[in-house]
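Here are my notes on the model you sent round. Please read them with the structure open.

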Amino acid sequence: REDYLDEARMWSLMAACDVLVNLRFPTMGETSGSVIRGLSLGKAMILSDVGWFAELPDDVALKVPVDEYEAPTLAAALDLAVQCRDALGARALEHVRGEHDLGRVAGLYARALEEAAGGAAVEDAFLLELARAASDVGIEDVSELARRAREAGLVG
């Protein structure tokens, strides 16, 4: 058992494991940095079936209910995870690359900040200017322009 680990030591220990276990109860619903790290290493994972952990797809990690059967369920999950570690690890890696890709997450943060700063009003103003410019050059079907602007990611 180790207390606080610096980042390099933690990554080293996690990389050396076949199966990672992260049991957490109670939880405040937060995303777990250590679980994201484990997924990015392509490790088989066993998690408490609560909060954010419960939201992960069932083929990404084995989930153990927090109840009176937690200990025997955990033992069975460990046996299963060892047997299926390659498949679980591959699926974990696929999931984290799709859902937690740095560019994707940065875009989501930017979008949340834009919304908090009045993003809807900015989008409305943009679409109004687009409609005016289209009208000035004789384009009558502004709805098609708005659809294409959304497809291009110019507006949400």
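The points below go from overall shape to sheet to core.

1. Status. This is a predicted model. Please keep that in mind for every point that follows.

2. Overall dimensions. The chain has a radius of gyration of 23 Å, whereas a compact globule of 156 residues would have one near 15 Å. The C-alpha trace spans about 70 × 30 × 30 Å along its principal axes.

3. Surface and burial. Buried residues account for 26% of the 156 residues in the chain. The accessible surface comes to about 10100 Å². Carbon and sulfur atoms hold 56% of that surface.

4. Order of elements. The chain has eight helices and three strands. Read from the N terminus, the elements run α-β-α-β-α-β-α-α-α-α-α.

5. Contacts along the sequence. Take the contacts between residues at least 6 apart in sequence: 50% of them join residues at least 24 apart.

6. The sheet. Three strands make an open, parallel sheet in the order S1-S2-S3. Strand S1 (19-22) and strand S3 (62-64) each have a single partner strand, so each edge strand has one side without a neighbour in the sheet. From one strand to the next, the twist averages 20°.

7. Strand pairing. How many bridges join S2 and S3? Strand S2, residues 44-48, pairs with S3 over three bridges, in the parallel sense. Ile-46 stands opposite Leu-62 in S3.

8. Largest nonpolar core. This core has 16 residues. Those touching the most other members are Val-35, Leu-39, Met-45, Leu-47, Trp-52, Phe-53 and Leu-56. At least two residues each come from helix H1 (7-16), helix H2 (33-40), S2, helix H3 (51-55) and helix H5 (85-99). Which element gives the largest share? H2 does, with three residues.

9. Trp-52. This residue is worth a close look on screen. Leaving out residues up to four places away in sequence, Trp-52 touches Gly-29, Glu-30, Thr-31, Ser-32, Val-35, Ile-36 and His-100. Of the residues named here, Val-35 also appears among the core members with the most contacts to other members, as does Trp-52 itself.

10. Another core. Apart from the largest core lies another, of nine residues. Its members include Val-19, Val-64, Ala-77 and Leu-88. Please show both cores in any figure.

Note on methods. Residues numbered from 1 in each chain as written. Predicted model: local features only at pLDDT ≥ 70, side-chain atom pairs only at ≥ 80, totals over all residues. Heavy atoms only, no water. Pairing = 2+ DSSP bridges. Helix = DSSP H or I, 4+ residues; strand = E, 2+ residues; numbered from the N terminus. Axes fitted to C-alpha atoms, helices over the stretch in contact; angles between N-to-C directions. Rg over C-alpha atoms; globule rule 2.2 N^0.38 Å. Buried < 20%, exposed > 50% of the residue type's maximum accessible area, 1.4 Å probe, protein only. Contact = heavy atoms within 4.5 Å. Areas by Shrake-Rupley, 256 points an atom, 1.4 Å probe, with all protein chains shown as cover. Core = buried A, V, L, I, M, F, W, Y, C linked by side-chain atoms within 4.5 Å.
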